[in-house]
Structures are given as structure tokens and as C-alpha cells.
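Visitor: I have a new model open on my screen and would love a tour. Could you walk me through it, one question at a time?

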Amino acid sequence: MSRRYFGTDGVRGRVGDSPITPDFVMRLGFAAGEVLVSTAPVARGGHLAVLIGKDTRVSGYMLEAALESGLAAAGIDVLLCGPLPTPGVAYLTRALRLQGGVVISASHNLFEDNGIKFFGADGGKLPDAVELAIEDALDRPMNCRSSRELGKARRIDDAQGRYIEFCKSTFPASFDLRGLKLVIDCAHGAAYHIAPKVFHELGADVISMGDQPNGFNINDGCGATHPKALCERVVLEGADIGISLDGDGDRLMMCDSSGTLYDGDQLIYVIARDRLRTGKVPGVVGTQMTNLALEQALTQLGVRFMRDKVGDRYVLEMMLERGWEIGGENSGHIICLDKHTTGDGIISALQVLAAVVRSGTGLANLLNGLRLYPQKLLNVRVDRPASWLDDPRVTAVCGEAERALGDRGRVLLRASGTEPVVRVMVEGEDDTQVASLAASIAEQIRAVAQPGA
């Protein structure tokens, strides 16, 4: 069954345009509440409870109020924690034994966008069946509960401290970060008041950037999607390592003292290789976008590798299916299931830093054995992205590219689940050839989708 509102990571869009409007978000909250009432076990005292967190976008105030109203109208109690990373909401939902959690965030997008993500009682993302049930409930009238049955709302004052302590608990108790100078880029997002404290309290000398949110500057030239600023700051400050998060704190990029940037694929390799020193790693899950070099390097270490569709929800599903603990995407979503139920930028960074401390060496040395193939990723903004993927003219130019690359490269086209774009990825041994082929494919998509433009 096709989805009308939910993408790969919740409901997302431009604020003020359907579906990210106050009236729709209120109805979404009511629909989610109705589904919870019909499927979740009755809570002690008779009321179910849901946690609402958000990032630092100015629209978060408006959407929080709308979502709270919808949930309360369905008879759901609401706990508000204010700005908190998405994985922090997942953790608190589980730790407080609530029936669900909601995050108001558009992740790595700029402030004009926003979105709604849901977590189940277990701190995991909602199954497809539950999301479809919520969509079905949106078609039914919004019949408010009686005054006696309405939900109540209250704020959680210690949410920040609880999550900080949880993050710290995932770092080996016998280690600390003393002697390391770190630059932390919080993307002016939800981790601005969390991440610097985590690393400081573990002993590091911390320099913060991207920690002055004003409602409009989230992800603007900073954070995991714009890591150049971090690399430059690390070199300027003479720091050992840089850590860059995105607006909702679930993505991670890192750099070393030379300003060399390391993406999700490379950081997954560091974590997996470190785990092999202390135990077994039966397998790692990646996506269609995962660099071919990571698959080859893990195979050489005796670690199985499997790919799934792009999106951390699909990575997580395969990890759970196979009983594996490590997975993620080159975009920086990294999941360590022995530490958390979802991807977490802060916790993933701590796993990498644990490998650094354990080995007594730098990131560059930990990446011996992995040399990434050049990859070129282009985003082609078009209406109805999925409709152009199977156009004969597009498949023809992709076929030509695949023949040129042979068995030492790949071509991947996919419609984004969060933006109106076709993502074009070409991977191969020669950087110039890869860039040229990607540009040719992108140009053909534009020509087909926007004739005469």
C-alpha cells in the first residue's frame, strides 16, 4: 500500500505548505493518538502518555502546540522536553516507559522545512503498519474526547541531564578523554546544549561551534551537511579531532587534526574494526549508497556485509532481522544496537573515540585498510522524482555509464524520501570519469523532466 504522508523518516515538508501546517499537524496528532488508544496497553491511571521533543527551528513552537492539542484531544497525556536530539527522545520514550515519542524536526534541512517523526514504546521507529494505520485515521472525523477524558500536558525538567548521562554510559568506564582537544559542531541544532557537555564531562578539552541557535540558522553552513567549517576550525585551533552533528543530532561526520574529513562509511569501519579487537562482529548492514570499498575491506576482515534501501529505518530492519549490531549510511547515520535503539551522532562519536583511546593512535591510522572509491552524488530537483527513474532516455544514459565503468564501479539513481529530488550517484576508480558520468546522467534527467528548460 502506498503512503500519502509518511516518507522514509516521518512526515516532512515546507512549513506552511501541506502537510506541514498547524491544522494538519493537529489532526496528525489526533490520528496518532487514536491509533495508540486502539493498540497500546492501557497505562496505569487510564491515560496513555507520549513525549514530544523538537529541534531549534522557529516553527517548532507552532507545531509543538498543534501536535499537543491533537494528542490531548485524543485523550493522550503529553510530556514536553523542548529541544532534544532525536535519539534523546527515543531514549527517554523507552526509559520513562511511555507509549510513544514524537520529534518535531526536519533533520539536516534548513529552517524553512520541518517534520514529524514518531517512535514506539520501545524507542524504535514505528512499523510500516502503524504508520499506515495513522494515515487511515486521518481520513476519519476528529471527534474530540469529552472534557473528563482529555489528556494533560507537563514539562520534563531533567530531560537534558538524563540524556547526557545515558550518552556517557555508552563510553567504556575504564576510559576517559583527557588529553584530547575536540571541536564540536552542533549545527545550531538540537544538540547545542547536550553534545559539548557530554564530551567535556568525559574529560576532553572542548571547543564548541554551531551552538547559538536563533530559530533560523539550523544547518546553515555548518553541521554534518556542511563540514568544511569544522575542518577549518580544527586546524585553526590545533585540535585533535572534530565532531560534526546535524540539526537533530542523529548524523555524524568527523575529521582529524589535519582537517581530513571522514564520512559514515569510514567511521563504521573504525567501529567494526575496534569491536573485532574485543569480540566478534558477525556482520554490518549498509545501503545502496555505501561505498564499495567498505564492503571489500570488511570482507577482508571476515565480516559479512549486506545492503538495503537508503534510509536508516531499512538499515535497522535488516540489523534486527539478522541480529547484527552495527549498521549505517555514508551520510553519517550510524546505528550501534548494543548501545541504543536508533542512530545517534553523539554515541557514534563516542564509539569512534573509544577506538582512538584503545589504540593510542589517530583516525588516519585506524583507517589503514580502507581506501574509498571516488563517489559523485548530485541532487536533481524535479517534480515527481520517482516518475523519471524508468524513463527510457534516462536508463539509456545510465547503461552507457555502467558499460564505461565495467565491474569496478556502480551507478545508482533513487528518488529522495525527504525532498523533491532525484539522487544520482556514480562510483568508480577514476575521479574525473565519475564526475563526468554523474553530470551527464543529471543533465539527461533535467532534460527529460523539464523539456525546454
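**A guided tour**

Guide: Ala187 has its place in the loop between S7 and helix H6 (195-201). Keep in mind that this is a predicted model.

Visitor: Is Ala187 buried or exposed?

Guide: The cut-off for buried is under 20% relative accessible area. Ala187 has a relative accessible area of 0%, and its phi is near 60°, a positive value in a residue other than glycine. With 0% set against that cut-off, Ala187 is buried.

Visitor: Which residue in the loop between S7 and H6 has a positive phi of about 50° although it is not a glycine?

Guide: The residue in question sits in the loop between S7 and H6. At 15% relative accessibility, this residue counts as buried. The one with a positive phi of about 50° is His188.

Visitor: On to the sheet. Which strands stand at the edges?

Guide: The sheet is open and has six strands with mixed pairing, in the order S1-S5-S4-S2-S3-S6. A strand at the edge has a single partner strand, so one side of it is left without a neighbour in the sheet. The strands in that position are S1 (11-14) and S6 (153-155).

Visitor: Which residue in S3 stands opposite Leu51?

Guide: Strand S2 covers residues 48-54 and strand S3 covers residues 76-83. The two pair in the parallel sense over seven bridges. Opposite Leu51 stands Leu79.

Visitor: What angle does the direction of helix H3 make with that of S4?

Guide: Helix H3 (residues 86-95) packs on the sheet, where it touches S2, S3, strand S4 (100-104) and S5. Its direction makes an angle with that of S4 of about 165°.

Visitor: Which backbone nitrogen does the side chain of Gln99 reach?

Guide: Gln99 lies in the loop between H3 and S4. It is buried, with a relative accessible area of 15%. At 2.8 Å, its side chain reaches the backbone nitrogen of Ala49.

Visitor: Where is the cis peptide bond that involves Pro19?

Guide: Pro19 lies in the loop between S1 and H1. Omega of the cis bond is about 10°. The residues it joins are Ser18 and Pro19.

Visitor: Why do the buried residues of H7 line one face of the helix?

Guide: Helix H7 (residues 228-237) has the buried residues Leu230, Cys231 and Val234. They pack against strands S7 (181-185), S8 (205-209), S9 (241-245), S10 (252-256) and S11 (261-262). The face turned away from the buried side carries the exposed residues Lys228 and Leu236. The buried residues line one face because, seen down the axis of H7, they fall within an arc of 100°.

Visitor: Which residue just after H7 takes a positive phi?

Guide: The phi here is about 65°. The residue that takes it, just after H7, is Gly238.

Visitor: Last stop, the nonpolar cores. Which helix gives the most to the largest one?

Guide: The largest nonpolar core has 69 residues, and those with the most contacts inside it are Leu182, Phe199, Ile243, Met254, Ile346 and Leu353. The helix that gives the most to this core spans residues 345-359 and supplies nine residues. That helix is H11.

Visitor: And how many residues are in the second core?

Guide: This second core is separate. Among its members are Val11, Leu71, Leu126 and Ile134. Its number of residues is 31.

Key. Residues numbered from 1 in each chain as written. Predicted model: local features only at pLDDT ≥ 70, side-chain atom pairs only at ≥ 80, totals over all residues. Heavy atoms only, no water. Core = buried A, V, L, I, M, F, W, Y, C linked by side-chain atoms within 4.5 Å. Buried < 20%, exposed > 50% of the residue type's maximum accessible area, 1.4 Å probe, protein only. Helix = DSSP H or I, 4+ residues; strand = E, 2+ residues; numbered from the N terminus. Pairing = 2+ DSSP bridges. Contact = heavy atoms within 4.5 Å. Axes fitted to C-alpha atoms, helices over the stretch in contact; angles between N-to-C directions. Arc of directions from axis to C-beta. Polar contact = N/O pair within 3.5 Å; in protein donor to acceptor, adjacent residues only side chain to side chain.
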